Amino acid sequence: MNFNPSSVGLLYSPDYLKHQPGENHPESPKRLTAVLQHLEETKLIKKLLRLDPIPHDPEWIQTIHTLAYLQRVKESCEKGANQIDSPDVGVSRDSFEVACMAVDGALTLVDAVMEEKIKRGFGLIRPPGHHAEAEAAMGFCLFNNVAIAARYAQLHYRLKKIGIVDWDVHHGNGTQHAFEQRPDVLYISIHQSPLYPGTGRREERGQGNIVNIPMPPESGDAQYLKVFEEEVVPALVS
């Protein structure tokens with residue numbers, strides 16, 4: 001693989017490991033350490049520009065989430081709660097701060113791209129975000145990192161149109177709901193169906209800016225390449 005080392009950024013902080021959702025929880029710190037180990041073993045990490053999350057104004061979180069929700073998450077973690085809103089969203093005392101840092105990481109990547117420090121970036125961050133709703137935690141997610149990053153790019157850098165491609169086994173209900181009434185954000189989700197959280201039907205179109213692509217279980221490379229070529233790319237360039 002040949003590319004300019006500064007063209008691809010890798011954002012990470014060991015502080016992301018401090019989010020502890022509980023013993024044997026699927027959203028484990030190992031999700032990050034396993035990726036780091038692979039990058040180091042393959043020496044690919046030497047070709048990436050390492051980035052640290054830079055603190056941003058926490059009010060950016062309120063472009064997607066309500067202040068009441070933000071305060072509830074903060075207070076719950078400070079009081080030692082072990083979950084928020086549902087059993088699948090495990091938390092610890094550090095989880096609020098780490099979730100804020102996850103948002104900082106996403107915004108730092110936006111800055112790095114917009115300031116032409118990198119051409120593209122990968123955020124090795126946690127907790128994840130695409131299930132988080134404006135006033136509720138869901139599916140391991142506290143704050144909707146990518147949705148906040150999209151609003152940041154729009155408001156801070158005055159970008160007129162944003163495209164989000166969400167390629168995950170689960171549908172990003174929180175991200176869809178954040179933008180289904182905002183035609184200046186195109187949201188494309190490729191996800192297995194039927195599966196949690198039960199949203200993401202093709203009929204869910206928002207203002208014509210929502211493209212849901214449900215995939216049957218055990219879909220392979222050929223099926224994914226086909227939908228990227230026939231649906232994802234045409235939607236992005238239209």
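**Exercise 1. Decide whether H130 is buried or exposed in this predicted model.**

Solution.
- Start with the cut-off: buried means under 20% relative accessible area.
- H130 has a relative accessible area of 12%, so H130 is buried.
- Now place the residue. H130 sits in the loop between β5 and α4.
- Last, look for a partner. The side chain of H130 makes a polar contact with the side chain of H131, at 3.4 Å.

**Exercise 2. Work out which side chains of strand β6 are buried.**

Solution.
- Strand β6 covers residues 162-167, and its side chains alternate between two faces.
- I162, I164 and D166 point to one face and are buried.
- G163, V165 and W167 point to the other face and are not buried.

**Exercise 3. Trace the path from β6 to β7 and give the handedness of the crossover.**

Solution.
- Leave β6 and follow the chain through helix α5, residues 173-179, to β7.
- This β-α-β crossover is right-handed.
- Strand β7 spans residues 185-192 and runs parallel to β6, with six bridges joining the two.
- Check the pairs. I162 stands opposite V185 in β7. D166 stands opposite S189 in β7.

**Exercise 4. Continue from β7 to its partner β8, and state how far each strand is covered.**

Solution.
- Six bridges join β7 to β8, residues 210-215, and these strands run parallel.
- Use S189 as a guide: in β8, N212 stands opposite this residue.
- Seven of the eight residues of β7 are buried, so this strand is mostly covered.
- In β8, five of the six residues are buried, so β8 is largely enclosed by the rest of the structure.

**Exercise 5. Describe the largest pocket: its volume, its central residues and its lining.**

Solution.
- Volume comes first. The largest pocket holds about 1,600 Å³ of space.
- Its lining has 42 residues, and those closest to the centre are G123, I125, N145, V146 and V165.
- Next, name the elements that give two or more residues to the lining: α1 (30-41), α3 (95-114), β5 (120-123), α4 (145-157) and β6.
- Finish with the classes. The lining has 24 nonpolar, twelve polar and six charged residues.
- Link back to β6: V165, on the face that is not buried, is one of the residues closest to the pocket centre.

**Exercise 6. Find the cis peptide bonds at P194 and P197, and say where these prolines lie.**

Solution.
- Recall the usual case: most peptide bonds are trans.
- The bond from S193 to P194 is cis, with omega near 5°.
- The bond from Y196 to P197 is also cis, with omega near 5°.
- Place the prolines. P194 is in the loop between β7 and β8. P197 lies in the loop between β7 and β8 as well.

**Exercise 7. Examine phi at K43 and E116, then decide whether each residue is buried or exposed.**

Solution.
- Begin with the general pattern: most residues other than glycine have a negative phi.
- K43 is not a glycine, yet its phi is positive, about 65°.
- K43 belongs to the loop between α1 and β2 (49-51).
- Exposed means over 50% relative accessible area. K43 has 51%, so K43 is exposed.
- E116 is not a glycine either, and its phi is positive at about 60°.
- E116 is in the loop between α3 and β5.
- Its relative accessibility is 71%, so E116 counts as exposed.

Conventions
Residues numbered from 1 in each chain as written. Predicted model: local features only at pLDDT ≥ 70, side-chain atom pairs only at ≥ 80, totals over all residues. Heavy atoms only, no water. Buried < 20%, exposed > 50% of the residue type's maximum accessible area, 1.4 Å probe, protein only. Helix = DSSP H or I, 4+ residues; strand = E, 2+ residues; numbered from the N terminus. Pairing = 2+ DSSP bridges. Right-handed = clockwise from strand over helix to strand, strands pointing away. 1 Å grid on protein atoms, 1.4 Å probe; cavity = no way out; pocket = protein on both sides within 12 Å on 5 of 7 lines; lining within 4 Å. Points joined across faces, edges and corners; volume = space filled by probe spheres on them. Nonpolar A, V, L, I, M, F, W, Y, C, P; charged D, E, K, R; others polar. Polar contact = N/O pair within 3.5 Å; in protein donor to acceptor, adjacent residues only side chain to side chain.
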